Amino acid sequence: MFNFIPQMFEKNLKNFLISLLALVLAGCGGQAVKPTPVFFPPAPNPPRIQHLMGISRSSDIEGKKSTFSLIMTGKEELDEVKSIMKPYGVMTHKGKIYVCDIGVGNVAIIDPVKKSFNFLKGNNNVGKLKKPANIAVDAEENLYVADVARREIVVYNPAGEYIRAFGREVDMKPTDVAVEGESVYVLDLQKGNNEIKVFDRKSGQFRNSFGKWTSESEGLAMPTNFALDDKGFIYTTNSGSGKVIKFDPDGHILLSFGEMGDIIGKFSRPKGIAVDHENRIYVVDGGNQNVQVFNEKGRLLIFFGDPGLVRGSLNLPVSVSVSRDNLEYYQTLAEPDFILEAVIFVTNQYGAEKISIYGLGQMKGAAANGEGTTETKVAGTADTAKK
């Protein structure tokens, strides 16, 4: 007993000195070498997209307890690390990142600026999710989750508490959801349906549907995801036809482009889709494992995330979201002379990064030199890649 305390003190002192020496040596070694930035398209083309960071677990956001603090306290306080297992849909809203994780049946809510990583509060009892595919938010900050296994839309209030669910009565297989005004749009992949269903936002009552393929008109063919732009137009990806189809709110087709194929400009396995503030259309291709960006007429502008890179490659990507929130924060992650105009979030079902984050922008002074036009510069790069 009398020898225990000196021995313990000697052991702790030894560990302290070893750790302190390691810290000193690390400091003497100079600063860590900053990794080479990854840009798309690659040089010598003017860069338009930079890989910024990846997120897979809460420690990527909240940080890790430092070794020095553990030495000073004399004990290790283990913080729970929350992980994203198999993400599907991703949505960004007012700086927060919402990730539907079909691997654990939950929704991760991430705020990089506030360094918080939490799961949906009401995911229990009657509000328990089974296979959440995609998520949307309405003007009152309520959350709508399309659950493929529950076969309904599950609604939560702004605090994440369960409110209600609807849609089971119409026998659907919801893969995506969006809210516009008093309407809730649901993408239905149920065999024999392949359509967009419209529900009343307040009552949850089914109103009508559109987009089904007929002998008279083109329509949806195994639709996987959709997106609404700021005018209420709806863009869908179709794994059956390889097409992107744009509808107006009444279901009339306004644009159709793409086809099945394994080269740039075509789609092998089209998945997630997003539309940004300049009406650029981002399409995730799970087969080619990249994201292709088109202008509002369906002309290819740029692609990024192809396999084989040390950093910045996608690994079975599924969904994409584009945001202009918190640009000042993400600018600190970019190269100093690369000025961001938007941030792109892509989910990966495998690999080291479950969420890959990219910045869309251009080098300082590029616009003045005539290099800032996506249409003329980036489209030229994409055209070259197709040849």
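Me: Which side chain does the side chain of E353 join through a polar contact?
Reply: A polar contact pairs N or O atoms within 3.5 Å. In this predicted model, the side chains of E353 and S356 are joined by one of 2.8 Å.

Me: Where along the chain do I look for E353?
Reply: Go to the loop between β24 (338–348) and β25 (355–363); E353 is found there.

Me: E353 carries a charge, so how do I check for a salt bridge, given that Glu counts as negative?
Reply: Look for a side-chain nitrogen of Lys or Arg within 4 Å of a carboxyl oxygen. For E353, the nearest side chain of opposite charge is R311, 6.6 Å away, and there's no salt bridge, even though E353 is buried.

Me: Which residues does E353 touch, if I skip those up to four places away in sequence?
Reply: You'll find H51, M53, G54, I55, S56 and N348.

Me: Now L309: why is it called partly exposed?
Reply: Partly exposed sits between 20% and 50% relative accessible area. L309 has 41%, so it gets that label. You'll spot L309 in the loop between β22 (300–304) and β23.

Me: How far apart are the C-alpha atoms of L309 and V38?
Reply: They're separated by 8.7 Å, though the two residues are 271 apart along the chain. L309 touches V38, and F40 too, leaving out residues up to four places away in sequence.

Me: What about the largest pocket: how many residues line it?
Reply: There are 38, with M91, T92, L228, V275 and V322 nearest its centre. Elements giving two or more residues to that lining include β3 (87–93), β15 (223–228) and β23 (317–323). The volume of the largest pocket is about 1,000 Å³.

Methods
Residues numbered from 1 in each chain as written. Predicted model: local features only at pLDDT ≥ 70, side-chain atom pairs only at ≥ 80, totals over all residues. Heavy atoms only, no water. Helix = DSSP H or I, 4+ residues; strand = E, 2+ residues; numbered from the N terminus. Buried < 20%, exposed > 50% of the residue type's maximum accessible area, 1.4 Å probe, protein only. Lys, Arg positive; Asp, Glu negative; His and termini not counted. Polar contact = N/O pair within 3.5 Å; in protein donor to acceptor, adjacent residues only side chain to side chain. Contact = heavy atoms within 4.5 Å. 1 Å grid on protein atoms, 1.4 Å probe; cavity = no way out; pocket = protein on both sides within 12 Å on 5 of 7 lines; lining within 4 Å. Points joined across faces, edges and corners; volume = space filled by probe spheres on them.
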